[in-house]
Amino acid sequence: MTSAVREIHELVKDVPDPEIPVLTLSDLGILRTVESAADGHIVVTLTPTYSGCPAIDPIRDEVKRVVADAGHENVEIRMVLAPAWTTDWISEEAREKLRAYGIAPPDPTAAHARCPLLARPARCPRCSSQDTREVSAFGSTPCQSQHVCNDCLEPFDRFKSI
């Protein structure tokens, strides 16, 4: 790994998500690779959370800006859809950041793939109760749903498992 690749990786991994700014591209697992291409230019590969994600363009623009501000001009930003991003790529540290921010993190997708009826209720990020209910499949971002805790009565979003 060249020093330019290492430097760009360090810059890009800390770019915040525009919709959930407590998370970085690395936290979310959408930063796939930073590599040197055969002709010497650097390629940053990102996998968006889903193909219609409204944050794709702001993320691409911010990565370009951060890299250019550090003096790297010959950098290509690639968005790849395969393999498809999954919430299983969210780091454990990011799951804790979500809880602290008031968003219930997603469950592992394996349980949902076998049987959606086995999905657990969201754990309230404020009081940790699992006595919660979904009030809307749509939250503050397309990746979230709205819930309310039946114990502390606080509303909260849950990051959907994908």
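Begin the tour at proline 83, which has its place in the loop between E3 and H4, and keep in mind throughout that this is a predicted model. With proline 83 selected, step back to alanine 82 and display the backbone: the peptide bond from alanine 82 to proline 83 is cis, with omega near 0°.

**The aromatic pair beside the cis bond in sequence**

Stay in the loop between strand E3 (75-79) and helix H4 (92-101), and select tryptophan 85, which lies there, together with phenylalanine 159 in strand E7 (residues 155-159). A search of the whole structure finds 1 aromatic pair, and these residues form it, with ring centres 6.3 Å apart and planes at 55°, so that the pair counts as tilted. Because one ring belongs to the loop and the other to E7, the pair ties together parts that are 74 residues apart in sequence. Are tryptophan 85 and phenylalanine 159 buried or exposed? Both of them are buried.

Next, select tryptophan 89 and arginine 32 and show their side chains. Arginine 32 lies over the face of tryptophan 89, at 3.8 Å from the ring centre.

**The whole chain**

Zoom out now and colour by secondary structure. The chain holds 5 helices and 7 strands, and from the N terminus on its elements follow the order α-α-β-β-α-β-α-β-α-β-β-β. The C-alpha trace spans about 55 × 30 × 25 Å along its principal axes, and of the 162 residues of the chain, 39% count as buried.

**The hairpin of E1 and E2**

Select residues 31-36 and 42-46, which are strands E1 and E2; they run antiparallel and are joined by 5 bridges. For a point of reference within this pairing, pick threonine 33, which stands opposite threonine 45 in E2. The two strands, E1 and E2, form a hairpin with 5 residues between them, and in the turn glycine 40 has a positive phi of about 100°.

**The open sheet**

Move on to the open sheet of 4 strands, whose order is E4-E7-E6-E5 and whose pairing is mixed. At its edges stand strand E4 (103-104) and strand E5 (132-136), each with a single partner strand, so one side of each is left without a neighbour in the sheet. Within the sheet, select strand E6 (residues 144-149) along with E7: the two pair in the antiparallel sense over 5 bridges. Which residue in E7 is the bridge partner of glutamine 144? The partner is phenylalanine 159, whose ring, as seen earlier on the tour, is paired with that of tryptophan 85.

**Two loop residues with positive phi**

From E6, follow the chain into the loop between E6 and E7, where leucine 153 has its place. The phi of leucine 153 is near 65°, a positive value in a residue other than glycine, and with a relative accessible area of 62% leucine 153 is exposed.

Then select serine 128, in the loop between helix H5 (109-114) and E5. Serine 128 has a positive phi of about 75° although it is not a glycine, and at 42% relative accessibility serine 128 counts as partly exposed.

**The largest pocket**

Switch to a surface display and centre the view on Arg99, Pro105, Pro106, Asp107 and Arg120, which lie nearest the centre of the largest pocket, among the 14 residues that line it. This pocket has a volume of about 240 Å³. The largest share of its lining, 3 residues, comes from H4, and by class the lining of the pocket has 6 nonpolar, 1 polar and 7 charged residues.

**The cavity**

For the last stop, turn to the interior space: a search of the whole structure finds 1 cavity of 30 Å³ or more, and the largest cavity contains about 110 Å³ of space. To find it, select Asp17, Glu19, Thr49, Cys53 and Ile59, the residues nearest its centre among the 15 that line it. How many residues of each class line the largest cavity? Its lining has 11 nonpolar, 2 polar and 2 charged residues, which can be set beside the 6 nonpolar, 1 polar and 7 charged residues in the lining of the largest pocket.

Definitions and conventions
Residues numbered from 1 in each chain as written. Predicted model: local features only at pLDDT ≥ 70, side-chain atom pairs only at ≥ 80, totals over all residues. Heavy atoms only, no water. Phe/Tyr/Trp six-rings, centres within 6.5 Å; stacked < 30°, edge-to-face > 60°. Buried < 20%, exposed > 50% of the residue type's maximum accessible area, 1.4 Å probe, protein only. Lys NZ or Arg CZ within 6 Å of the ring centre and 35° of its normal. 1 Å grid on protein atoms, 1.4 Å probe; cavity = no way out; pocket = protein on both sides within 12 Å on 5 of 7 lines; lining within 4 Å. Points joined across faces, edges and corners; volume = space filled by probe spheres on them. Nonpolar A, V, L, I, M, F, W, Y, C, P; charged D, E, K, R; others polar. Pairing = 2+ DSSP bridges.
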